[in-house]
Amino acid sequence: MQNKHGRVRAALAQREQERGPNDIVQALRHWTLAKGDDGIAWLTLDRADESTNTLSEEVIAELDTILSKVEGLNPRGLVIRSAKKGGFVAGADIRDFRNVTNADEIVERMTRAHGVIDRLDRLKMPTVAVIHGHCLGGGLELALACDHRIATPDAKLGFPEVMLGLHPGLGGTFRLPALIDPIQAMTMMLTGKSAHAQRARTLGLVDAVVEERHVTAAVQSAIDGELERGGRDWKHGVFAFAPARKLAAGRMRKEAARQAPPEHYPAPQRLIGLWESYGGNAELMQKAEIRSFSDLLAGQTAQNLIRVFFLREKLKAFGKGASGIKHVHVIGAGEMGREIAMWCAAQGLVVTIADLDRKALARAVGEARKFYGRKLHSGIERRDALDRLVPDFSGEGAARADLVIEAIAEKAEVKKKVFAEIAPRMKPDALLATNTSSIPLETLREDLPRPERLVGIHFFNPVTRMELVEIVSHDQASDDTLARSRAFCGAIDRLPAPVKSAPGFLVNRALTPYLAEAFLMIEEGIAKETIDKAATSFGMPMGPVELADRVGLDIALEVAESLKAAFPEEVPDVPGWLREKVERKELGRKTGKGLYDYDDEGKPKKSEAPSPDPRMADRLVLPMLNACVRMLRDGIVVDADTLDGAMIFGTGFAPFRGGPIHYAHQRGIEDVVTTLNGLEKAHGGRFRPDDGWRSLSAT
């Protein structure tokens, strides 16, 4: 028991947190209960063998056990907090959700969990949740069952369940709207966005935001009834009436459908329906919440999105370890180069950025200033990030950098010329990286001294939003180079996907048949809006026509031509009109005109067009799947899960489908191959099913 308490105290001491009393009353595997001379009990969660607190079934069962002890003690008040450095509770243990498909069994499990949280809610003494760091999902539902919530300034509270195809399932759907403005509560749950501590205080979600040294005093005030709380406002009274909820729900449904089509993402509409039908009646809403949550969790959408969560964890794991990279030198201040530079500086690295064009460097700093103003939370953070981003007019930063990344024109000879000039000036242990999107590294390493330190670090546009980074190896790259490159991605909050050098690598190799087919459809006279609608109806975040404009038609053309040369039977000919557009500098969104025209805000001007034929999506998407199977067969990527994760986080491939290979399995390999055979008869040999489908059908 004392060893357990010592571990809790040591963990809390690392953050200089208020530790509570020394007198241990009960210590279980995950929970420790102590009571002080002031009559206040402290219940501390420190989930064993885990770096983060989550609510597993075992953790909740232990909470039930220890609440019996609390009731017997009858303390003057109860404080709940976490011993973990990173935060309070990150939510439910998603491992408990994986591959559960029996909704009735889930109802039983959730009903038991609700009973425990309700027991906490009904305790006769005042209860206080002290929150630091993340307090998400089930963790926030645990805190909502307490009478008071006190946050430290680093707290972050929210309900991200919608990202998993769910809505809150442990009482959040009725406790949050009862506590704060119901519209704000619904917005929080529908968007999955978190509220930082001060925003949470403004909403009334927490009663106080205090520095750690003031936690004890705040706890005392809460338990003594002296902590001022935000009261229920007039909106609670209004939305107690069904007609008012119906009116608000109608507006919510329209906005939710715009953000998440209900045929693909049913959870937002279910949540709105719960509130509209039962808002204000906690008992009825609790029963409906359990049933709705269980049905969603057992469904294909939630299970596929839970799969995506674990695919993300798999990619994150590639980025573990120390990179030894503190200074990055970026060559090229164009769109990609400046985004790489400003992102790395925002993540705490010193960055020098070089370009022959001084105006490009000035633009890079200006864009960084605007980005930091939007995304960083304090003036100090914004100032420090700008201080770390250094325009390098002479290129001298390359000699001091731990990592040099070139992000210049997608032409092999230009890149090789830059490498020849820069490599002799680099530190012996520095890495040399290329951001090429398609050029094989075997080409770029020619005549390069020490090719073992050359690696592909391929970011995606926009760098500040796209999480995936391809780490491209070649047969002369050292293991240390590749490991440090992956760890660098982890250090800057990006997801590394290891791939082998080959034309187009992974993502562009898969995307090119998708884009090229769209170009052919345009040539056949099909409206570009219809083509894009076919893709978005399938679940893609944007259609191939708009995507080509977003990537840049010049880049799309270069990649398509290089892949056409490498895979002449699989990639269709590039239409002449695409080359003409590039020659006229109609490059897409970045020039205001491409396949679409763009307004001043960068939005495409689209016209009304016929609805797509239901089979059109197959013509676009199945060539992408075929290319993925070919890459698996060729060993470009290590396994299907890595491929699925890379395609989701690198292209936005319909997340609710779980990735292209997973989708093929769920649809049925035989059906996919039969459809490809039909497309081959109708449109040509580029649709011929790859030989790799045979091995997939056996798995």
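**Cysteines, a parallel strand trio and an internal cavity**

The sulfur of Cys146 has its closest cysteine sulfur in Cys135, 9.6 Å away, which is too far for a bond. Looked at from the other end, the closest cysteine sulfur to Cys135 is that of Cys146, again at 9.6 Å and too far for a bond. Both side chains come from a predicted model, in which local features need pLDDT of at least 70, side-chain atom pairs count only at pLDDT 80 or more, and totals for chains, interfaces and linings use all residues. Residues are numbered from 1 along each chain as its sequence is written, and side-chain values use heavy atoms, with hydrogens and water left out. Cys135 counts as buried at 0% relative accessibility, and Cys146 does too, at 5%. (Buried is under 20% relative accessible area, exposed over 50%, and partly exposed in between, with a 1.4 Å probe and protein chains only.) The structure ends up with 0 disulfides, a disulfide being a pair of cysteine sulfur atoms within 2.5 Å.

Further along the chain sits strand E16, residues 431–434. Helices (H or I, at least four residues) and strands (E, at least two) are DSSP runs numbered from the N terminus. Leu431 and Ala433 point one way from E16, Leu432 and Thr434 point the other way, and all are buried. E16 pairs with E15 (residues 403–406) in the parallel sense over 4 bridges; pairing takes at least two DSSP bridges between the strands. Ala433 is the bridge partner of Ile405. Getting from E15 to E16, the chain passes through helix H17 (residues 412–422), and this β-α-β crossover is right-handed, meaning that the path from the first strand over the helix to the second runs clockwise with the strands pointing away from the viewer. E16 also runs parallel to E17 (residues 454–459), joined to that strand by 3 bridges, and here Leu432 has Leu454 as its bridge partner.

Then there is the empty space. A cavity is a set of points on a 1 Å grid over the protein atoms alone where a 1.4 Å probe fits but cannot get out, and lining residues have an atom within 4 Å of a point. The count comes to 2 cavities of 30 Å³ or more. The largest has a volume of about 80 Å³, taken as the space filled by probe spheres set on the points, which are joined across faces, edges and corners. Its lining includes Pro513, Glu517, Phe687 and Arg686. Helices H20 (507–523) and H25 (616–634) are the elements giving two or more residues to this lining, and H25 gives the most, with 3. The lining of the largest cavity divides into 5 nonpolar, 1 polar and 3 charged residues (nonpolar: Ala, Val, Leu, Ile, Met, Phe, Trp, Tyr, Cys and Pro; charged: Asp, Glu, Lys and Arg; polar: the others, Gly among them).

Technical notes. 1 Å grid on protein atoms, 1.4 Å probe; cavity = no way out; pocket = protein on both sides within 12 Å on 5 of 7 lines; lining within 4 Å.
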